[in-house]
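Open the model in your viewer and get ready to select things one by one. At each stop I will say what to pick next and what is there.

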Amino acid sequence: MAEASAALRAERDAILAALRPVVDGIAATFGPLCEVVLHDYRDPERSVVAVAGSVTGRRPGGAMSEIGMRVLARGDAATDELNYRTRTPDGTLLKSSTVVLRDSTGAVFGALCVNVDVTAVDRAHALLGALAGVPGDARDEPVTAFGNDIDTVVDALVDDHLRRQDRTWAALDRPRRLDLFRGLDERGVFAVRGAVEQVAARLGISRASAYSYLSQARAATETARDHHRSPDHPRRRP
């Protein structure tokens, strides 16, 4: 067992080493508006092992982003997320792809991420569309939390949920507090070590309270899933 674990560690290290020049190659091909980040999810707080380009300000030794948390939470069931659009907190529009890395057993252990700043392209597209009389696309891309330390990312996600509620934590009733913890859980926050304590500190509550809210939110989610799967669940008539 120990030998197998050591072999898998060596295999994963070899895959990451082989991809380092790929990171530089992709970034050089697409130019200064492209950023390529190589992640090792075995160390979430310092998952960035290589980076080329500077679109989100990532640097080696930095933490995973919200997207990485989501992959980590899904574990080996995670799939590639390709050609999606998102925004940074400062409004930069990105077209991105996240390719998960697997070892020979199929276990997910990292990711190769490509972010391209398409802000100027999007503005030009809107301008040309307006000149041509073509209705604009009203898509509202989600904001993704990027940061070089995990605390910054977690804090940003907590703040985002509070903004959506348009209330402070103290003003939320119990159902909305559970919704907040459920939402953070769905975004993969609690897959990161120490995240519960970080969320508790951000909200100004005790660690015990945070664990209680998380447990209740997960129990409610599981109950809803069981009810949906139940053969006795009433079906709506067409």
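## Start with a pair of strands

Select strand 4 and strand 5: the two pair in the antiparallel sense over 9 bridges. Keep in mind throughout that this is a predicted model. To find the two strands, pick residues 93–102 for strand 4 and 108–117 for strand 5.

Now add Arg-102, which stands opposite Val-108 in strand 5. The hairpin made by strand 4 and strand 5 has 5 residues between the strands, and among the residues here Gly-106 takes a positive phi near 95°.

How much of strand 5 is buried? Colour its residues by accessibility: 9 of the 10 are buried, so strand 5 is largely enclosed by the rest of the structure.

## A stop at Thr-98

Go back to strand 4 and select Thr-98, which is found there. Is Thr-98 buried or exposed? Its relative accessible area is 2%, and because buried means under 20%, Thr-98 counts as buried.

Next, show what surrounds Thr-98. Leaving aside residues up to four places away in sequence, Thr-98 touches Ile-67, Asp-80, Glu-81, Leu-82, Tyr-84, Ala-111, Leu-112 and Cys-113. Put a distance label between the C-alpha atoms of Thr-98 and Cys-113: they are separated by 4.5 Å, with the two residues 15 apart along the chain.

## Widen the view to the sheet

Select every strand now. In what order do the strands of the sheet lie? This is an open sheet of 5 strands with the order 2-1-5-4-3, and the pairing is antiparallel. Strand 2 (48–52) and strand 3 (81–87) are at the edges with a single partner strand each, so each has one side without a neighbour in the sheet. Turn the view a little to see the twist: on average, neighbouring strands of this sheet are turned by 20° against each other, direction ignored.

A general point helps here: the strands of a sheet pair through backbone hydrogen bonds, either parallel or antiparallel.

At one edge, select strand 3 together with strand 4. The two run antiparallel and are joined by 5 bridges. For one such link, pick Tyr-84, whose bridge partner in strand 4 is Ser-96. Then add helix 2 (residues 66–74), which packs on the sheet and touches strand 3, strand 4 and strand 5. The direction of helix 2 makes about 140° with that of strand 3.

## Strand 1 and its two partners

Select strand 1, residues 34–40, which is mostly covered: 7 of its 7 residues are buried. Show the side chains and look at which way they point. Cys-34, Val-36, Leu-38 and Asp-40 point one way, while Glu-35, Val-37 and His-39 point the other way.

Bring strand 5 back into view: 7 bridges join strand 1 to strand 5, and the two run antiparallel. Strand 1 is also joined to strand 2 by 4 bridges, again antiparallel.

Val-37 is a good residue to centre on. Its bridge partner in strand 5 is Cys-113, and its bridge partner in strand 2 is Val-51. For His-39, the bridge partner in strand 5 is Ala-111.

## Over to two helices

Hide the sheet and select helix 4 (residues 150–165) and helix 6. They pack at an angle of about 50°, with their axes 10 Å apart. Helix 4 and helix 6 are therefore oblique to each other, and helix 4 passes helix 6 in a right-handed crossing.

Which residues meet in this contact? From helix 4 come Asp-151, Val-154, Asp-155, Val-158, Asp-159 and Leu-162; from helix 6 come Gln-198, Val-199, Arg-202 and Leu-203. Colour them by type and they divide into 5 nonpolar, 1 polar and 4 charged.

Stay with helix 6 and select its buried residues, including Ala-195, Val-196, Gln-198, Val-199, Ala-200 and Leu-203. Right after helix 6, pick Gly-204, whose phi is positive, near 75°.

## Last stop: Phe-190

Finish in the loop between helix 5 (174–186) and helix 6 (195–203), where Phe-190 is found. Phe-190 counts as buried because its relative accessibility is 12%. Not counting residues up to four places away in sequence, Phe-190 touches Phe-181, Leu-184, Asp-185, Ala-195, Val-196, Val-199, Leu-214 and Arg-218. For a final label, join the C-alpha atoms of Phe-190 and Leu-214: 9.0 Å separates them, and the residues are 24 apart along the chain.

Note on methods. Residues numbered from 1 in each chain as written. Predicted model: local features only at pLDDT ≥ 70, side-chain atom pairs only at ≥ 80, totals over all residues. Heavy atoms only, no water. Buried < 20%, exposed > 50% of the residue type's maximum accessible area, 1.4 Å probe, protein only. Contact = heavy atoms within 4.5 Å. Pairing = 2+ DSSP bridges. Axes fitted to C-alpha atoms, helices over the stretch in contact; angles between N-to-C directions. Parallel < 35°, antiparallel > 145°, perpendicular 65-115°, else oblique. Left-handed = near helix turned anticlockwise from the far one by under 90°. Nonpolar A, V, L, I, M, F, W, Y, C, P; charged D, E, K, R; others polar.
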